[in-house]
Amino acid sequence: MSIVAGCDVGSLTAKAVIMKNGKIIGSHIIKSKPRPKDSADAALEGALSAAGVSKADIAYCIGTGYGREKIDFVNEVVSEITCHGKGARWMLPTAETVIDIGGQDCKTMKLDKDGNVDRFAANDKCASGTGRFLEVMAKVLHIDIDELGKLSAKAKNPITLASTCTVWAQADVIKYINSGVSIEDIGAGVNTAMAVRVAILVNAVKPEGDIFMTGGVAKNIGVLETLEKLIGKRIKRSRKADPQMAGAIGAALLSMEKIDGSGNNRLK
Amino acid sequence: MTVFHDAATRVECDSIARWKKDGKPVVGYTCSYTPAEIFYAVDILPVRLRGIETDGMEVGDSYFGPFICSFPKCILQLAGKGRFSFLDGAIITPGCDGMRRLDECWRKAGEDFEGIVPDYFYYFDVPHKSENHGMAWYIEEINQLIKSVEDHFNVNITNEKLQAAIREFNKGRRLLNEIERLRCEKDVVVSGTDVFAAAVAGTVMPRDEYTAELKKWVSALKKRKTSLSEGKHRVMLVGSISDEIDLFELIENTQKALIVGENLCFGIRYEGNEIAEDGDPIEALAGHYLGSSVCPRMYGKYKERLAMLKERIGQSRAEGVIMQNIRFCDLHGAENALFERDLEAMGIPCLRVEREYGPHIDIGRMKLRINAFLERIEGRKKANKGDGDET
């Protein structure tokens with residue numbers, strides 16, 4: 001079977017995945033560079049190296065993410081909404097509702113039996129409820145963004161952020177830091193504020209069946225657990241791959257469909 | 001087509017400049033409820049006011065504030081920058097509350113920016129119901145407008161002149177309807193972008209010049225053989241006011257979609273029906289402009305609008321509907337949600353998206369949603385084909 005690739009150039013990170021026989025044989029993630037083309041080149045190079053194959057071995061490659069149109073090595077481009085849907089179904093074959101929180105976008109999708117996006121809703125207002133919100137807050141708190149999620153469990157008296165605006169919420173966080181409130185209580189408040197914004201969007205598509213979350217924020221346990229409480233449903237986990245890679249995985253699966261129709265994503 | 005694109009993409013297009021050069025007056029109006037025939041009847045060029053070509057919002061935001069639709073703000077921005085200096089008059093209509101506020105914001109801005117309020121500045125009220133007293137009120141408003149125009153411009157608007165203007169406008173309406181029929185064919189030979197440019201041009205060009213150009217174009221279209229719809233998804237575009245050719249291009253430049261119909265404040269919704277050419281011309285104008293309205297500003301007409309949209313979707317063979325609303329546009333924001341609910345229940349895919357108007361549109365975000373929507377239509381088509389194969 002042919003080797004295929006998917007490349008997802010997001011606003012914060014760029015990801016590439018190499019697949020063979022429906023399995024990931026190499027992947028790579030980097031922080032996005034100023035130019036999407038450079039991000040894509042570096043991500044693909046890393047994934048090729050991890051897979052031990054060369055660019056010439058790739059039979060088909062689909063690009064996705066906000067920088068998709070600037071990638072010069074792809075055969076075609078597909079929106080990240082479609083790719084995340086495909087990737088999510090592959091990671092959790094029973095997934096029917098997908099929540100994807102990217103760097104500057106938040107989307108909720110409902111999938112049909114074939115893993116195609118049947119309905120979707122995306123944030124239309126601003127950066128609140130996106131990965132950028134968490135990134136800004138982690139920076140203000142002087143912690144790594146990966147640490148932010150763990151703070152919720154350690155919080156004793158979480159703060160409430162009054163504003164949904166990222167900039168004003170940042171000002172609130174600085175005020176709490178200066179007042180001596182613990183980092184754990186502030187971090188928990190940040191995670192809750194994020195989950196509240198996302199819950200509005202999730203409820204907009206009336207989630208059904210198994211729910212799965214993709215994108216970097218899916219790794220933030222604080223947001224994930226608060227979101228579960230807010231929507232009153234469990235969000236399923238999968239160990240099959242990093243949820244942040246779902247867009248690139250979906251792009252690779254669509255590449256597979258293109259060349260031999262084997263990217264079957266039927267609901268199990 | 002060039003003349004239409006020029007008229008549709010420039011605030012002061014060549015046609016307006018030529019009209020002014022002849023020393024004839026131009027009156028701007030803001031809403032599709034203004035009977036433009038009244039002006040054209042006495043050699044005043046009626047020009048629909050638009051917000052294209054704005055490159056900032058410092059004037060618009062100063063008088064309107066941030067929490068309001070960007071369309072009237074763009075008009076005020078252009079006014080504040082002197083871009084409407086060619087106007088001899090302006091008619092403000094309460095198409096919505098944002099447009100109603102344009103009246104007071106423009107007047108107030110006129111205190112700070114000398115000469116931006118035209119000498120003739122008129123508030124033309126429009127009822128929200130077309131039955132009985134609503135229609136009587138609207139006819140009274142038309143009569144008052146006529147009297148006001150006669151007094152200011154020293155003209156005499158007779159029934160004969162009104163009927164002649166109606167006849168001229170109807171020629172364009174008939175031609176636009178011919179184009180609409182072409183868009184319903186299996187193989188569509190004209191892009192949505194071009195049709196919309198032609199429709200928008202009709203709101204700013206002198207009507208006899210417009211009719212002549214449109215006639216030539218329709219004749220050329222009928223000879224075209226190359227299908228533009230082949231391999232593309234047929235979509236409709238509906239929602240908030242739009243005169244933006246860029247928005248049409250944004251959708252059609254995906255190379256995956258062809259716009260086969262629209263229900264917007266500009267375009268065929270505005271020009272769709274002919275006006276009665278006999279009988280009392282004022283009653284005929286009122287019957288058309290208020291009576292056949294399909295705009296959500298009118299109360300109690302949702303079911304009619306849904307039925308009309310469904311019919312248009314069927315006629316144009318649209319596979320999906322893109323519903324856009326300008327941020328803070330309550331009328332279309334609310335109606336789009338209802339349309340989405342009802343059309344999706346009928347199995348018609350819908351995309352609902354909120355945006356800013358014109359030059360302030362966020363292209364990247366819009367493109368993502370439009371592409372994802374077209375992929376959704378594609379996926380559904382493939383799935384249906386697959387299910388068909390299995391049976």
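## Reading a sheet in chain A

Author: In this predicted model, a good place to begin is one pair of residues, for Asp8(A) has as its bridge partner Lys15(A), which lies in strand 2 of chain A.

Reader: Which way do strand 1 and strand 2 of chain A pair, and over how many bridges?

Author: Strand 1, residues 3-9, and strand 2 of chain A pair in the antiparallel sense, and seven bridges hold the record of that pairing. The two strands form a hairpin, with three residues between them.

Reader: Where does strand 2 of chain A find another antiparallel partner?

Author: Strand 2 of chain A also pairs in the antiparallel sense with strand 3, residues 23-31, over eight bridges. Within strand 3 of chain A, Ile24(A) stands opposite Met19(A). These two strands form a hairpin as well, with two residues between them, and in its turn Asn21(A) has a positive phi of about 50°.

Reader: Is strand 2 of chain A mostly covered or mostly uncovered?

Author: A general idea helps before the case itself: in a regular strand, side chains alternate between the two faces of the sheet. Strand 2 of chain A, residues 13-20, is mostly covered, since seven of its eight residues are buried.

Reader: In what order do the strands of the sheet in chain A stand?

Author: Five strands form an open sheet in the order 3-2-1-4-5 in chain A, and the pairing is mixed. Strand 3 and strand 5 of chain A stand at the edges with a single partner strand each, so one side of each is left without a neighbour in the sheet.

Reader: Which strands of chain A run parallel?

Author: Strand 4, residues 58-64, and strand 5 of chain A run parallel and are joined by two bridges. Here Gly63(A) stands opposite Val77(A), which belongs to strand 5 of chain A. Helix 9 of chain A, residues 246-260, packs on the sheet and touches strand 1, strand 2 and strand 4, while its direction makes about 140° with that of strand 1 of chain A.

Reader: Turning to chain B, what radius of gyration does it have, and why does that agree with a compact globule?

Author: A compact globule of 391 residues would have a radius of gyration near 21 Å, and chain B agrees because its own value is 21 Å. Chain B contains 16 helices and eight strands, and buried residues make up 50% of its 391 residues.

Reader: What confidence values does the predictor give?

Author: Chain B has a mean pLDDT of 93, with 97% of its residues at 70 or more, and the complex is given an ipTM of 0.86 and a pTM of 0.91.

Notes:
Residues are numbered from 1 along each chain as its sequence is written. Chains are lettered from A and ligands numbered from 1 in the order in which they are written. This is a predicted model: local features need pLDDT of at least 70, side-chain atom pairs count only at pLDDT 80 or more; totals for chains, interfaces and linings use all residues. Helices (H or I, at least four residues) and strands (E, at least two) are DSSP runs, numbered from the N terminus. The radius of gyration is taken over C-alpha atoms; the globule rule is 2.2 Å times the number of residues to the power 0.38. A residue is buried if 20 or more other C-beta atoms lie within 10 Å of its own, exposed if 12 or fewer, and partly exposed in between; C-beta atoms are placed from the backbone. Two strands pair if DSSP finds at least two bridges between them. pLDDT is the predictor's confidence in each residue, from 0 to 100. Two residues are in contact if their C-beta atoms, placed from the backbone, lie within 7 Å. Axes are lines fitted to C-alpha atoms, for helices over the stretch in contact, and angles run from 0 to 180 degrees between N-to-C directions.
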